[in-house]
Amino acid sequence: AVVLSELSLNPDAAYKALIVEEPEAHLHPQLQAVLLQYLQSKEMAINGEKAVQVFVTSHSPNFASIANIDTICCVHQGTEGTNAFSPREIEFDKTKKEKLQRYLDVTRAELFFARRIIFVEGAAELFIVAALAEKQGINLKKHSVSILSTEGLNFDCFLPLFGKSALNVRVALLTDADPPKHSYPELKAPLELSAMAVLLQKQESEFVRPFFAQKTLEYDLALQSLNQTSMLTALADLHPEIGKSLREEVNKAESANKSKVLFKGMFARETGSNIKKGAYAQALAQVISDAEVSFSSPPYIQEVFDFITQD
């Protein structure tokens, strides 16, 4: 503050700048926000003080989430050496930059520091993908992988940040094929992509690759017969009566229909409310974490792990 005051009041300099390295060190996250707002305020000439341009180097996602996206510059190890990239250089579609700014909370701002990213639709995928990786002994943190939720199909505002002339970061986009509601495809059936899924498929590039469930994450989990018992156990932990009744229905169903019966009994129920996916995912992740429980990843999630962890 003293240095900035001296700079802003100095009548002798035509241009004034302050360069600060890692100012977030030892600061509480709330104070980081206050500090950044203060530094930003000094770039405007007010109350007789002249403007001072402030440069901050930081590894803080707090700073990255609060800063105006047009002021961010990322220095990263790219495919051809060290690169510098600024989001302001991207031509976003209408309203997409504003949307990205709103979605960049502290967690999602980690994308500016990650070396590999798995984008998922919501909390359910976030919990289960992490649990499946751990189940297979895959240490995503060791591979510098961040799993980030876009809270729905909001991939469109994030994907422009990645590419040959942007961040050279490997990105797996994990989403649903979302075929018609009456469709319950088999495990290796050709994908029946919704219109939105087709648009996401077109986003594939050297750095970005989409991966699709046959229907949805929960249905694809149920397609693995090995997983059905554990899925029913997780349901019973949340809703004992529903879990008991659905277990009886699944046991009576023919093998080829068990996944359909299991999925409909939770997320397309004919009577009563559907099971909340986020709460169910937490319960299922807890079951999966038991070392005594056997559980398999759907093929498309296995492909995500192979893609995101390869050298």
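# A walk around the model

Start by selecting Arg209: at 35% relative accessibility, this residue counts as partly exposed. Bear in mind as you go that you are looking at a predicted model. Arg209 sits in strand S8, which covers residues 208–213. Now add Leu193 to the selection. The two residues are 16 apart along the chain, and their C-alpha atoms are separated by 15 Å.

**Zoom out**

Show the whole protein chain as a cartoon. You should be able to trace 12 helices and eight strands. Taken along the principal axes, the C-alpha atoms fill a box of roughly 85 × 35 × 35 Å. The chain has 311 residues, and 45% of them are buried.

**The largest pocket**

Next, switch on a surface and look for the largest pocket. Rolling a probe the size of a water molecule over the atoms shows where empty space is left. Here the largest pocket has a volume of about 1,200 Å³. Its lining is made of 33 residues, and to find the centre you can select Val56, Ser58, Ile72, Cys73 and Cys74, the ones closest to it.

Which element gives the most to this lining? Colour strand S2 and you have it: S2 leads with five residues. Now colour the elements that each supply at least two lining residues: helix H2 (29–41), strand S2 (53–57), helix H3 (61–66) and strand S3 (74–78). If you colour the lining of the largest pocket by residue type instead, you get 18 nonpolar, 11 polar and four charged residues.

**A greasy spot on the outside**

Select Tyr15, Ile19 and Phe55 and show their side chains. Together they make a nonpolar surface patch of about 370 Å². Click on Ile19, which belongs to strand S1 (residues 17–21). Is Ile19 buried or exposed? Its relative accessible area is 68%, so it is exposed, the cut-off for that being over 50%.

**The loop after S1**

Carry on from S1 into the loop that leads to H2, and stop at Glu22, which is found there. Check its backbone: phi of Glu22 is near 45°, a positive value in a residue other than glycine. As for accessibility, Glu22 comes in at 23% and counts as partly exposed.

Stay in the loop between S1 and H2 and pick His26. His26 is not a glycine either, yet its phi is positive, at about 70°. With a relative accessible area of 85%, His26 is exposed.

**Salt bridges**

Side chains of opposite charge can pair when their charged atoms come close. The count of salt bridges in this model comes to nine, and a few of them make good stops.

Select Lys42 and Glu49. They form a salt bridge, with the closest N and O atoms 3.0 Å apart. How is each partner placed, buried or partly exposed? Lys42 has 13% relative accessibility and counts as buried, while Glu49, at 22%, counts as partly exposed.

Move to Lys164 and Glu80, another salt bridge, where the closest N and O atoms are 3.1 Å apart. Lys164 lies in the loop between strand S6 (145–149) and strand S7 (170–176), and Glu80 in the loop between S3 and strand S4 (81–85), so this pair ties together parts that are 84 residues apart in sequence. Lys164 is partly exposed, with a relative accessible area of 47%. Glu80 is exposed, with a value of 66%.

Then pick Glu110 and Lys141, whose side chains meet in a salt bridge of 3.8 Å, N to O. Glu110 lies in the loop between helix H4 (96–103) and strand S5 (116–120), and Lys141 in the loop between helix H5 (123–135) and S6, so the pair ties together parts that are 31 residues apart in sequence. Glu110 has a relative accessible area of 26%, which makes it partly exposed. Lys141, at 62%, is exposed.

For the last stop, select Lys96, Lys99 and Asp156 together. These residues are linked in a network of salt bridges.

Key: Residues are numbered from 1 along each chain as its sequence is written. This is a predicted model: local features need pLDDT of at least 70, side-chain atom pairs count only at pLDDT 80 or more; totals for chains, interfaces and linings use all residues. Side-chain values use heavy atoms; hydrogens and water are left out. Patches are made of residues with over 30% relative accessible area and no salt bridge: like charges are joined within 9 Å, nonpolar side chains (Val, Leu, Ile, Met, Phe, Trp, Tyr) within 5 Å. Accessible areas come from the Shrake-Rupley method with a 1.4 Å probe; for residues, only the protein chains shown count as cover. A salt bridge is a side-chain nitrogen of Lys or Arg within 4 Å of a carboxyl oxygen of Asp or Glu. Helices (H or I, at least four residues) and strands (E, at least two) are DSSP runs, numbered from the N terminus. Buried means under 20% relative accessible area, exposed over 50%, partly exposed in between (1.4 Å probe, protein chains only). On a 1 Å grid over the protein atoms alone, a cavity is a set of points where a 1.4 Å probe fits but cannot get out, and a pocket is an open set with protein on both sides within 12 Å along at least five of seven lines; lining residues have an atom within 4 Å of a point. Grid points are joined across faces, edges and corners, and a volume is the space filled by probe spheres set on the points. Ala, Val, Leu, Ile, Met, Phe, Trp, Tyr, Cys and Pro count as nonpolar, Asp, Glu, Lys and Arg as charged, and the others, Gly among them, as polar.
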